[in-house]
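Colleague: I'm new to this one. Could you take me through the labels people use for it, and tell me how each was earned?

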Amino acid sequence: MLETLGFSSLDELFVDIPADVRLDRSLDIPAGVSEMELVAEMRQLASRNLNVDQLVCFAGGGAYDHYIPSVVWALAGRSEFYTSYTPYQPELSQGVLQTLFEFQSMICELTALEVSNASLYDGATALVEAVNMARGHGRNRVLVSAAVDPRLVDTLRTYGRGAGYEPEVFPISAGRGGEPGIEPDVAAVVVQHPNVYGILEPVRDLFGRAHDGGARAIQVFDPLSLGVLAPPGELGADIAVAEGQPLGNHLNYGGPYLGLIAARMDDVRRMPGRIVGETLDVDGKTGYVLTLQAREQHIRREKANSNICTNQTLMAVAATIYLGWLGPAGLAELGRQCASKAAYAAERLTDIDGVDLLHPDASFFKEFTITSPRGATDVRDALVERGFLAGVPLADADGHALAVAVTEKRSRDEIDRFAQAFAEVLA
């Protein structure tokens, strides 16, 4: 290759690279090993991961240990779905297209909104896309509740640097609500419900204020809360986004997941990604096609609404099967179980001396935040040694706040043992 390029050595090839950015030493790479040794080392490294099959999981913060029925991946793992790629040729992709159409229809039913796409990468980037949809018409500012997950705000901040906005966090009161100042240049108000503390927000009021000021209302929601909570569309949301992991997808050490987004029909041409539609073929039979697909970036480049051009088909297929298996009655029952078990867990934990709810007067769904005399990170680490993933440490209360999630999988016995172990850690 050097001879073809007209160079006599690697040093000559790299002569244009400044000396001050070169590594002036040999690479620190260990000697080669056999495949058998490499596999053994990788297994040892993998064993350091915490496994929810071996620990009782009370952790949440956006990724939840819900039960996944065996039918979900028995079907989603079939080669027809598992190996499918972009369905550009609809005549060869009717099965996948129909499943994605059903997925979109289910998300619209869940959210009480009119249009959804075939999924996005994950919940955080779905929020970015919602903000992109909301900005425009001379409005640029984005107001975000302080009770939105800080990681979502960080993602907005990262994308906003290139898009020309900085998310402005407005304060909350007693873990929720707040008084966002809706000025004429505010494009969107973002509220998470249930929020980062697990608390239910006064979203109708917040979104009403946004609309009164001419801003768009964006809700970050939990899809499995909608069996017992009012859907975003009824609460006044213009755009709703969520992390779709709880819909039949395993925790997977953080991914891959899928992003959900739904909006009103006025926004259909601003929605990124793919939208599958139902139509009729030349023989009058029902068929499915990519009605809208965001290949704008190939034509419009920097003028495009988004650079998103794909979706998480496999994860969306799993979500479709899961929702079909669950059904409306199952969704409601799941929500009731999460809410009642979380209430019981909160009662058991706050019976421990020194443990209190961070916001005792606020209602919650399946997640709540407690404080304890010991730092939350120390408590979490100590409980791992006792077989529990205790929750997600938060910065509140000087690092003594812990967000605890309780799904339908948790039994009364597990909750009781968790409370006992928690008390022992604090003793």
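**How the labels are earned**

Colleague: Why is His193 called buried or exposed?

Modeller: The relative accessible area of His193 is 8%. Buried means under 20%, exposed over 50%, and partly exposed in between, with a 1.4 Å probe and protein chains only. So His193 counts as buried.

Colleague: And where do these values come from?

Modeller: This is a predicted model, where local features need pLDDT of at least 70, side-chain atom pairs count only at pLDDT 80 or more, and totals for chains, interfaces and linings use all residues. Residues are numbered from 1 along each chain as its sequence is written, and side-chain values use heavy atoms, with hydrogens and water left out.

Colleague: What makes the link between His193 and Glu201 a polar contact?

Modeller: A polar atom of the His193 side chain lies 2.9 Å from the backbone nitrogen of Glu201. A polar contact is a pair of N or O atoms within 3.5 Å; within protein, one must be able to donate a hydrogen and the other to accept it, and residues adjacent in sequence count only if both atoms are side-chain atoms. The 2.9 Å pair fits that limit.

Colleague: Which peptide bond joins His193 and Pro194?

Modeller: A cis one, with omega at about -5°. His193 sits in strand β5 (residues 186–193), while Pro194 is in the loop between β5 and α9 (203–212). Helices (H or I, at least four residues) and strands (E, at least two) are DSSP runs, numbered from the N terminus. Gly255 and Pro256 are also joined by a cis bond, with omega about 5°. Most peptide bonds are trans.

Colleague: How do you know whether Ser119 is buried or exposed?

Modeller: Its relative accessible area is 1%, so Ser119 is buried. Ser119 is in the loop between β2 (115–116) and α7 (123–134), and a polar atom of its side chain lies 2.9 Å from the backbone nitrogen of Gln312. Leaving aside neighbours within four places in sequence, the contacts of Ser119 (heavy atoms within 4.5 Å) include Phe103, Leu258 and Ala316.

Colleague: What makes a nonpolar core, and how many residues has the largest?

Modeller: A nonpolar core is a set of buried Ala, Val, Leu, Ile, Met, Phe, Trp, Tyr and Cys residues joined through side-chain atoms within 4.5 Å. The largest has 40 residues, and among those with the most contacts inside it are Phe103, Leu258 and Tyr322. Helix α12 gives the most to this core, with 13 residues. Domain 2 (56–68 + 328–426) and domain 3 (70–321) both give residues to this core, so it lies between them. Those domain bounds come from an automatic or database domain assignment.

Colleague: What is the phi of Ala397, and how exposed is that residue?

Modeller: Phi of Ala397 is near 55°, a positive value in a residue other than glycine. At 37% relative accessibility, Ala397 counts as partly exposed. Asp398 has a positive phi of about 55° too, but at 77% Asp398 counts as exposed. Most residues other than glycine have a negative phi.

Colleague: What makes β12 and β15 a pair?

Modeller: Two strands pair if DSSP finds at least two bridges between them. 5 bridges join β12 (residues 367–371) to β15 (residues 401–405), which run antiparallel, so they pair.
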